[in-house]
Amino acid sequence: MKTKTRSSLISYQPAGQFEETRFEKIHNVIFDTSQQGSIEVAKEISNLIRERASKGQNCVLGLATGSSPIKVYEELVRMHREEGLSFSNVVTFNLDEYYPMEKGNIQSYHYFMHQHLFDHVDIAPGNIHIPDGTVSIEEIKEYCRSYEKKIEEEGGLDFQLLGIGRTGHIGFNEPGSHHNSATRDITLDHITRVDAASAFKGVENVPRKAITMGISTIRNAKRIILLAWGQNKAEVVKATIEGEISSEVPATYLQEHGNATFVMDKEAAAQLTRIDTPWLVGGCSWTEDLTHKAVTWLSMAKAKPILQLTDKDYNDSGMSDLLNLELSSYEINIKTFNRLQHTITGWPGGKPNAADSNRPERAEPTKKRVIIFSPHPDDDVISMGGTFDRLVAQGHEIHIAYQTSGNIAVADHEALKVAEVANSIGETPLFSKVIKDIQAKTGEDFDSELVRKVKGNIRRAESLGATRYFGIPDEQVHFLDLPFYETGAIKKSPLSEKDIAIMNNIIEEVRPHQIFAAGDLADPHGTHRVCLEVLFESLRRLKDEFFMKDCWVWLYRGAWHEWEIHEIEMAVPMSPEQVLRKRKAIFYHQTQKDGVMFQGEDPREFWVRAEERNKETAHKYQTLGLASYAAMEAFVRYHF
């Protein structure tokens with residue numbers, strides 16, 4: 001069965017109406033990208049605003065914050081500027097706000113909404129309602145009651161826009177929230193605080209409480225659209241759409257709403273049964289890739305090597321129609337086993353003077369020019385350090401291109417230490433100013449340009465330590481410092497022609513036979529994703545150049561995720577010695593080792609994550625019946 005990707009939003013339909021959606025309890029629409037989905041949601045909002053205006057009525061919107069709705073707001077602003085969309089009849093109520101939180105704080109949702117929407121449209125200031133993070137403890141209950149009353153006085157919410165947290169929270173209604181809850185103060189779940197840590201430069205700086213609309217308030221909206229982008233949301237999306245209603249996943253309460261739609265990109269929808277394992281839903285259109293995915297899934301589900309799967313295993317798992325096509329499990333097993341076997345290579349740059357029809361890389365040219373693009377100044381060794389090491393050992397010309405400076409991930413105390421060491425040798429006005437700037441900085445301040453420069457140079461020095469360890473000449477290490485990143489803040493600038501020109505220049509200069517790049521798609525607004533998008537745009541512009549005809553692009557994953565087994569097209573084994581060499585290369589990035597600023601949800605250090613992930617990939621291959629290795633790094637080829 002093929003996945004149906006909608007080209008535009010459709011009106012609400014009850015979920016589970018058709019065989020392919022029988023597991024689903026909430027209507028949902030899947031788009032190829034978050035950009036496409038956001039544009040369609042913005043269209044629905046704009047149509048509603050205009051419809052209400054034509055009747056002389058206000059349009060009451062419930063609005064969300066976070067990364068999910070940013071592109072929706074960008075499109076609404078564009079419509080206002082270019083298509084005359086007026087917000088003069090719009091009244092808004094925001095879902096939530098951290099508590100305590102000053103309105104002028106750059107982390108406040110008051111700041112966020114004005115930055116992304118309100119300052120750019122013609123909405124009346126008196127029509128904007130955002131929970132106040134400055135009310136006193138004694139006043140919160142009365143304040144929350146008055147917030148509810150204001151919504152009622154406006155006739156209720158015509159439209160509610162939502163995101164979803166990994167705990168399943170909507171607004172800040174954390175697990176345990178009651179379906180009849182109203183606007184109130186709430187203690188934030190630890191996972192929610194961890195997810196917000198990057199914006200606050202550390203989980204310890206994230207407020208522990210918030211004010212939020214209640215589940216009942218949200219469910220009273222006439223229309224609800226929930227946005228979910230990226231693979232980080234895939235697990236909670238499946239639990240919400242297919243699971244039972246439970247206070248442990250508050251978003252499941254939306255199953256009882258008569259006009260709610262989830263709008264997702266392919267990554268967020270990836271774990272839905274009809275997408276992930278469609279053979280469990282009904283008859284499939286068995287493509288080669290779907291067969292490969294299904295057989296690897298069956299092997300792991302049955303805990304049996306691929307070559308030991310039987311006809312009964314297939315029949316018991318909803319795959320009898322595949323058996324009918326292939327006549328026997330033996331034929332299917334052999335094809336899948338061989339395809340997996342052919343992904344394994346100890347020659348990531350191609351094996352010289354060898355037949356390459358069953359290898360993931362070409363034999364020629366025997367010595368390749370290679371660019372490894374690294375979003376931050378450590379992703380190269382964290383994600384593909386073993387492959388990096390092997391490419392060098394096999395004589396290829398390796399260029400490392402660090403796309404961003406990574407300065408924001410250097411803690412103040414690290415920069416202060418460097419400045420104080422420099423001053424201890426001989427005090428200089430330059431480093432004295434660095435010390436002064438850091439000591440004067442408050443939690444809400446951006447780094448000064450000078451401090452950013454010092455932090456960026458710290459990461460450059462760490463990167464050079466790792467690349468020299470692997471034997472790369474300094475002149476083959478390129479620090480691109482893409483401008484989109486250099487804001488001094490968590491929020492980055494949009495990609496520009498300057499970013500694309502820098503990427504074009506390095507590719508034109510090296511004329512690579514291979515490009516390796518981070519293929520992380522978890523966060524549509526994350527640095528890895530933006531760095532991948534700028535590479536794709538550069539490849540699009542350069543694809544007709546003669547030297548690009550012989551260039552292959554391989555995507556690796558970052559510190560958080562690995563490719564699924566059925567997706568892997570090249571798996572590079574690592575010996576125990578290479579595992580240790582990779583670990584040592586990662587250790588050169590000392591500022592990112594202990595107490596790293598952007599840890600994510602995984603408390604382990606990056607080197608531990610990388611080793612465990614590489615060992616797990618090797619273990620999966622072994623479980624499927626292939627050779628046993630200490631560890632493996634995995635790649636997927638991108639065709640441009």
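Start at Cys 59, which sits opposite Val 90 of strand β3. That pairing belongs to a run of five bridges tying strand β2 (residues 59–63) to β3, with the two strands running parallel. Keep in mind as you look around that this is a predicted model. The average pLDDT for the protein is 92, and 95% of the residues score at least 70. The stretch to be wary of is residues 1–8, where pLDDT stays under 50; the model has 21 contacts beyond four places in sequence for that stretch.

Now stay with β3 for a moment. This strand is mostly covered, with five of its five residues buried. Val 90, Thr 92 and Asn 94 point one way, while Val 91 and Phe 93 point the other way. Asn 94 belongs to this strand, which spans residues 90–94. Is Asn 94 buried or exposed? Its relative accessibility is 0%, so Asn 94 counts as buried; the cut-off for that is under 20%. What is Asn 94 in contact with, once you leave aside neighbours within four places in sequence? The list takes in Leu 63, Ala 64 and Thr 65, then Met 113 and Phe 118, then His 129, Ile 130 and Pro 131, and finally Tyr 147 and Met 213.

Step back and you'll see the sheet that holds these strands. Seven strands form an open sheet in the order β1-β10-β9-β6-β2-β3-β5, and the pairing is parallel. At the edges are β1 (27–31) and β5 (128–129), each pairing on one side only. On the β5 side, β3 and β5 pair in the parallel sense over two bridges, and Phe 93 stands opposite His 129 of β5. Helix α4 (residues 140–153) packs on this sheet and touches both β3 and β5. The direction of α4 makes about 150° with that of β3.

Next, move along to a pair of helices. Helix α10 (residues 288–302) packs against helix α13 (residues 329–341) at an angle of about 95°, their axes 10 Å apart. At that angle, α10 and α13 are therefore roughly perpendicular to each other. On the α10 side, the contact is made by Glu 288, Asp 289, Thr 291, His 292, Val 295 and Thr 296. From α13 come Ile 332, Asn 333, Thr 336, Arg 339 and Leu 340. What sort of residues are these? The contact divides into three nonpolar, five polar and three charged.

Further along the chain, there is another open sheet of seven strands, ordered β13-β12-β11-β14-β15-β17-β16, and here the pairing is mixed. Its edge strands are β13 (477–479) and β16 (570–574), each pairing on one side only. From one strand to the next, the twist averages 25°. Within this sheet, strand β14 (residues 514–518) and strand β15 (residues 552–556) run parallel and are joined by five bridges. If you want a spot to click on, Gln 514 has Trp 552 of β15 as its bridge partner.

Two helices finish the tour. Helix α19 (residues 527–542) packs on the sheet, touching β11 (369–374), β14, β15 and β17 (631–638). The direction of α19 makes about 150° with that of β14. Helix α20 (residues 576–587), for its part, lies across β16 and β17 and runs at about 95° to β16.

Notes:
Residues numbered from 1 in each chain as written. Predicted model: local features only at pLDDT ≥ 70, side-chain atom pairs only at ≥ 80, totals over all residues. Heavy atoms only, no water. Helix = DSSP H or I, 4+ residues; strand = E, 2+ residues; numbered from the N terminus. Buried < 20%, exposed > 50% of the residue type's maximum accessible area, 1.4 Å probe, protein only. Contact = heavy atoms within 4.5 Å. Pairing = 2+ DSSP bridges. Axes fitted to C-alpha atoms, helices over the stretch in contact; angles between N-to-C directions. Parallel < 35°, antiparallel > 145°, perpendicular 65-115°, else oblique. Nonpolar A, V, L, I, M, F, W, Y, C, P; charged D, E, K, R; others polar. pLDDT = per-residue confidence, 0-100.
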